[in-house]
Amino acid sequence: MIAFPQSDFRWAIHSAAALISFSAAGSPPQRLRRLCISASAGDGRTTPKPSVCTADELHYVPLPNNEWNLALWRYLPSSQRSRRNHPLLLLSGVGTNAIGYDLAPGSSFARHMSGQGFDTWILEVRGAGLSARNSLKDPHQGKFEGISEEQLNSTDEGLPDAAQVSSITSQLRDFCNTLGEIIDESQQPITQFTGLQNRFSITLGDFWKQLHLIGKYNWDFDHYLEEDVPIAMDYIRNQSRPKDGKLLAIGHSMGGILLYAMLSQDGYRGKNTELASVITLGSSLDYTTSTSSMKMLIPFVDPAKAVNLPVVPVGALLAAIYPLASYPPYLLSWLNPQISAQNMMHPELFERLVLKNFCTIPAKLLSQLSTAFGKGGLRNRNGTFFYKDHLHKTNVPVFALAGDKDLICPPEAVYETVKLIPENLATYKVFGEPRGPHYAHYDLVGGRMAYYQVYPRIIEFLSRHDIC
């Protein structure tokens, strides 16, 4: 079993609650400006890119009958290599954006794959990264209201009033305190936070920016599965024009869970899948047999419900406790191995990943994902369909990768799902050696040895199934 220092974790949660209280004492950013960009309307038009987007192109895809527009980061295949037959779709983990696949010029999985001839696309699902909500107050078609580094210092249109800000802040503070009580009821709350603002390099600016959108954070896993991913795949197909209409797909963490669920649904419905092959990185539909630390997410669900908080600001909480994990006296040193094994990432890249890659998560999404820890594994929102039950009907080749030191999705959890796929279609590989290097949850994507050990295996598998 994995033991976590409960008192440390509880203290960090209460610290975050205190910081929220401090922030609430002042004023939220007074003026936000909308990032207005031209929408891709399915005809190949791209949008002006904010500086945070390091892709070759940024596309937006509107969700039918919905206010959200999905962001697609596109990396054009290198002219130095033969273009592959199928485009490649990359899906990220829960509450993360595209940055995890493109962390820096010398540490970019997406750029590496485009350099191998793949027309590479990263999907940012609704609420993540540069995905944007239609501005209801903007009469100009093709204009969006989004969240980005460029949104400060313009107009306060659309912001909640002071009463709403106070209410949400109070809910968030109550959520943190309730969570702390659940983690360790035997400890008294720590109430002295002198100098904590200076200690933590955090502002809740990003969270303040999202206050006017929080009421719209009402989706779950099935919304991603049934709406976001299929719409994005259709768009990519129309842009890349593969002869057989299929895509290659790689999913990290929840991204891989989405791909497994899609294969299961297609098998149940007898539908001919639109995927040529699938690779999952640290993903499973059933965590009941493992010691997954993702169980830490379960306590977030009930407190959020208890205080009627529609979201869990994972990004803000991680930013709050990150200094305790990375700087003396290292009170939360156990946190870093949840993401990356020792010496597998440069400290500056690790800090960028933690501070820039995580987002706010709807409580409904966490609630549905928590069913993966119950009997039968992940199920649909109604509890009537168990996604692993029909994986054996798939006809898609699957390569399931696991990290030997992955605490979030241990190898036994990965195997629990991949064993259900027909043997002639399934490939399973655990990366990591007894004497190192070791692979934690993110290292399969961006660890320093992934370029030499993981990427070649991924490219070999995709190449083998890149046949029209």
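What percentage of the 468 residues in the protein chain do buried residues make up? Buried residues come to 57% of the 468 in the chain, where buried means under 20% relative accessible area, exposed over 50% and partly exposed in between (1.4 Å probe, protein chains only).

Before you start: this is a predicted model, where local features need pLDDT of at least 70 and side-chain atom pairs count only at pLDDT 80 or more, while totals for chains, interfaces and linings use all residues. Residues are numbered from 1 along each chain as its sequence is written, and side-chain values use heavy atoms, with hydrogens and water left out.

**Exercise 1. Get an overview of the fold.**

Step 1. Start with the secondary structure: the protein chain has 15 helices and 14 strands. These are DSSP runs numbered from the N terminus, with helices being H or I of at least four residues and strands E of at least two.

Step 2. Now look at contacts, meaning heavy atoms within 4.5 Å. Take those in the protein chain between residues at least 6 apart in sequence, and 80% of them join residues at least 24 apart.

**Exercise 2. Work out how helices α6 and α7 pack.**

Step 1. Find α6 at residues 221-240 and α7 at residues 254-269; their axes sit 10 Å apart, at an angle of about 85°. Axes here are lines fitted to C-alpha atoms, for helices over the stretch in contact, and angles run from 0 to 180 degrees between N-to-C directions.

Step 2. Put a word to that angle: α6 is roughly perpendicular to α7. The cut-offs are under 35 degrees for roughly parallel, over 145 for roughly antiparallel, 65 to 115 for roughly perpendicular, and oblique for the rest.

Step 3. List who meets whom. From α6 come Phe-221, Tyr-224, Leu-225, Glu-226, Val-229 and Met-233, and across from them in α7 are Met-254, Ile-257, Leu-258, Ala-261, Met-262 and Gln-265.

Step 4. Sort them by class: the α6 contact with α7 has 10 nonpolar, 1 polar and 1 charged residues. Ala, Val, Leu, Ile, Met, Phe, Trp, Tyr, Cys and Pro count as nonpolar, Asp, Glu, Lys and Arg as charged, and the others, Gly among them, as polar.

Step 5. Zoom in on Glu-226, which lies in α6 and is partly exposed at 40% relative accessible area. Leaving aside neighbours within four places in sequence, Glu-226 is in contact with Gln-265 and Arg-381. Glu-226 and Gln-265 are 39 residues apart in sequence, and their C-alpha atoms are 9.9 Å apart in space.

**Exercise 3. Explore the largest nonpolar core.**

Step 1. Pick out the best-connected residues. The largest nonpolar core has 115 residues, and Trp-73, Phe-221, Ile-250, Ile-458 and Leu-462 touch the most other members. Such a core is a set of buried Ala, Val, Leu, Ile, Met, Phe, Trp, Tyr and Cys residues joined through side-chain atoms within 4.5 Å.

Step 2. Follow Leu-462 outwards. Not counting residues up to four places away in sequence, Leu-462 touches Leu-88, Met-113, Phe-118, Leu-248, Ile-250, Ser-277 and Ile-279.

**Exercise 4. Check the backbone for oddities.**

Step 1. Recall the background: most residues other than glycine have a negative phi, and most peptide bonds are trans.

Step 2. Go to the loop between β14 (426-431) and α13 (443-446), where Pro-437 lies. The peptide bond from Gly-436 to Pro-437 is cis, with omega near 0°.

Step 3. Look for positive phi. Asn-65 has a value of about 55° although it is not a glycine, and its place is the loop between β1 (57-62) and β2 (68-75). Ser-253, in the loop between β9 (247-252) and α7, has a positive phi near 60°.

Step 4. Set their surroundings side by side: Asn-65 is exposed, at 86% relative accessible area, whereas Ser-253 counts as buried at 9%.

**Exercise 5. Place two buried loop residues.**

Step 1. Take Gln-116, in the loop between α2 (109-115) and β6 (120-124). Gln-116 is buried, with a relative accessible area of 16%, and touches Arg-81, Ser-82, Arg-84 and Ile-459, not counting residues up to four places away in sequence.

Step 2. Move to Thr-96, in the loop between β3 (88-91) and β4 (102-104). Thr-96 is buried, at 12%, and, leaving aside neighbours within four places in sequence, is in contact with Ala-128, Asn-357, Phe-358 and Cys-359.
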